[in-house]
Amino acid sequence: MQRQTDTNFCMKKNLFLLALVAPLFLKAQVRSYYNTDRFVFGIAQQRTASITSGDIDGDGDMDVVVANGRNWPDQNEVFINNGDAKFTTSYSLGRYKSTSYAAELADFDNDGDLDVAVGNDMAPNRLYFNDGQGHFEFHGTFGALNAPTRNLTLSDIDGDGDTDILITNRGVQNEICYNDGSGNFKLVSKFGEAEDATIDVEAHDMDGDGDVDLILANRDQQQNYIYLNEAGAFEKRIRFGTGKDETRAVAIGDFNADGYWDIVTANIDEPNRIYLGNRKLNFNKSIVLDEIADRSYSIDVHDFDIDGDDDIVIGNAGMPNVIYSNIKSKLKFVKTELKNTTYNTYDIQFTDINKDGYFDVIEANSEALNLFYLNFRNSK
């Protein structure tokens, strides 16, 4: 899934500078990923469900937060980047061990630093505010107290300039928690159906009217929907998928460069698909990303090789995680394994760990080490 945090500004700035010179050498290079036994976040093998990055301590590089536990209480952790893509310092996030499925970074209280929102299964979701030096203090809870939370998505849903929180609850109605501008989330509304098995939601302006729409990934063979934002209400909806998919994650990109947003889905025990957008805002046409019926749990989209089109990374369970390199926006993809090893990867994200302007990959693995992969140039 793509996350909207204030940390994107730093990465976009680096990418802009690199784009000025990229055309000079793009034809002579190929980008790949590599991992060593030192490219890990700690040495514990926990039930990690989520990983996210941001400049927590304000020193200009990407730090990392991992959410551990899932259905069992465990300790969430913060890993600090020493500036050289090495995570040599870590500490616990909060005093509580929690049944955490998600942790997301944003400046919720608008004081210039990154705070943390944690989503927990059948336990209160918690907020931690940053003191500006990368130290977090418990601020309060948000959303329903004991819902089966599976994911958090951050976006300015009401367009008032601050970051709101969307909560996906499996088997309980999903929630939007509205920020009052100071990091308090007392105003809450619902979206979706009462018994939706929603695992992921993407927030994006799909119809081009200037507000944020919601794209849902539902499990349990439930219909996937886009909910259109109409004056803050999410009642009008558009179907995509077969209606019986086991969709675990969604992401957005314009994969064929036709000016319309497409939806890529990570599915369980069926091929992953790209649903192609069009002027009519229907998604009846789709392509199979890979014929293999993967158990895909997570997905992210970025132009990792900076060649002008959207690429895809997918985290799988019981199969290697893979990069799909887009070839000239023609809906043709080159598939490459990140590593010839199988994990149960619950979350996978692009981010720039070593500040070279190219997107690296971080992954959250359940009952295995959490890894990162650096993006490097191959000579032809």
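Ring pairs join Tyr 34, Phe 39, Phe 41, Phe 79, Phe 87, Phe 372 and Phe 376 into a cluster, where rings of Phe, Tyr and Trp (its six-membered ring) pair if their centres lie within 6.5 Å, planes under 30 degrees apart counting as stacked, over 60 as edge-to-face and the rest as tilted. The model is predicted, local features being taken at pLDDT of at least 70 and side-chain atom pairs only at pLDDT 80 or more, whereas totals for chains, interfaces and linings use all residues. Residues are numbered from 1 along each chain as its sequence is written, and side-chain values use heavy atoms, with hydrogens and water left out.

Across the whole structure, a search finds 16 aromatic pairs. In the pair of Phe 108 and Phe 185 the ring centres lie 5.7 Å apart and the planes stand at 80 degrees, so the arrangement is edge-to-face. Because Phe 108 belongs to the loop between strand 6 (100-106) and strand 7 (115-120), and Phe 185 to the loop between strand 12 (174-178) and strand 13 (187-191), this pair ties together parts that are 77 residues apart in sequence; strands here are DSSP runs (E, at least two residues), numbered from the N terminus. Both Phe 108 and Phe 185 are buried, a term that denotes under 20% relative accessible area, with exposed meaning over 50% and partly exposed in between (1.4 Å probe, protein chains only). Phe 350 and Phe 359 form an edge-to-face pair as well, with 6.3 Å from centre to centre and 70 degrees between the planes, and Phe 350 and Phe 359 are likewise buried.

Strand 6 and strand 7 also take part in an open sheet of four strands, which has the order 6-7-8-9 and antiparallel pairing; two strands pair if DSSP finds at least two bridges between them. Strand 6 and strand 9 (136-142) are the edge strands, each pairing on one side only, and neighbouring strands of this sheet are turned by 20 degrees against each other on average, direction ignored, axes being lines fitted to C-alpha atoms and angles running from 0 to 180 degrees between N-to-C directions. Six bridges connect strand 6 with strand 7 in the antiparallel sense, and Ala 102 stands opposite Gly 119 of strand 7.

A further open sheet of four strands follows the order 14-15-16-17, again with antiparallel pairing. Strand 14 (198-204) and strand 17 (237-240) each have a single partner strand and stand at the edges, so one side of each is left without a neighbour in the sheet. The antiparallel strands 16 (residues 224-227) and 17 are joined by four bridges, and Tyr 227 has Arg 237 of strand 17 as its bridge partner.

Strand 3 (residues 63-68) is largely enclosed by the rest of the structure, because six of its six residues are buried. Asp 63, Val 65 and Ala 67 point one way from this strand, whereas Val 64, Val 66 and Asn 68 point the other way. Strand 2 (residues 48-54) is joined to strand 3 by six bridges in the antiparallel sense, with Ile 51 opposite Val 66, while strand 3 pairs with strand 4 (residues 77-80) over three antiparallel bridges, in which Val 64 has Phe 79 as its bridge partner.

Asn 370, in the loop between strand 27 (360-365) and strand 28 (371-379), counts as buried at 3% relative accessibility. Its contacts (heavy atoms within 4.5 Å), leaving aside neighbours within four places in sequence, include Phe 39, Phe 41, Thr 48 and Val 66. A polar contact of 3.1 Å joins the side chains of Asn 370 and Thr 48, the term denoting a pair of N or O atoms within 3.5 Å, of which, within protein, one must be able to donate a hydrogen and the other to accept it, and residues adjacent in sequence counting only if both atoms are side-chain atoms. In addition, a polar atom of the Asn 370 side chain lies 2.7 Å from the backbone nitrogen of Asn 365.

Tyr 178 lies in strand 12 and, at 12% relative accessibility, counts as buried. Its contacts beyond four places in sequence include Ile 157, Asp 158, Phe 185 and Gly 232, and its side chain makes a polar contact of 3.1 Å with the side chain of Ser 189.
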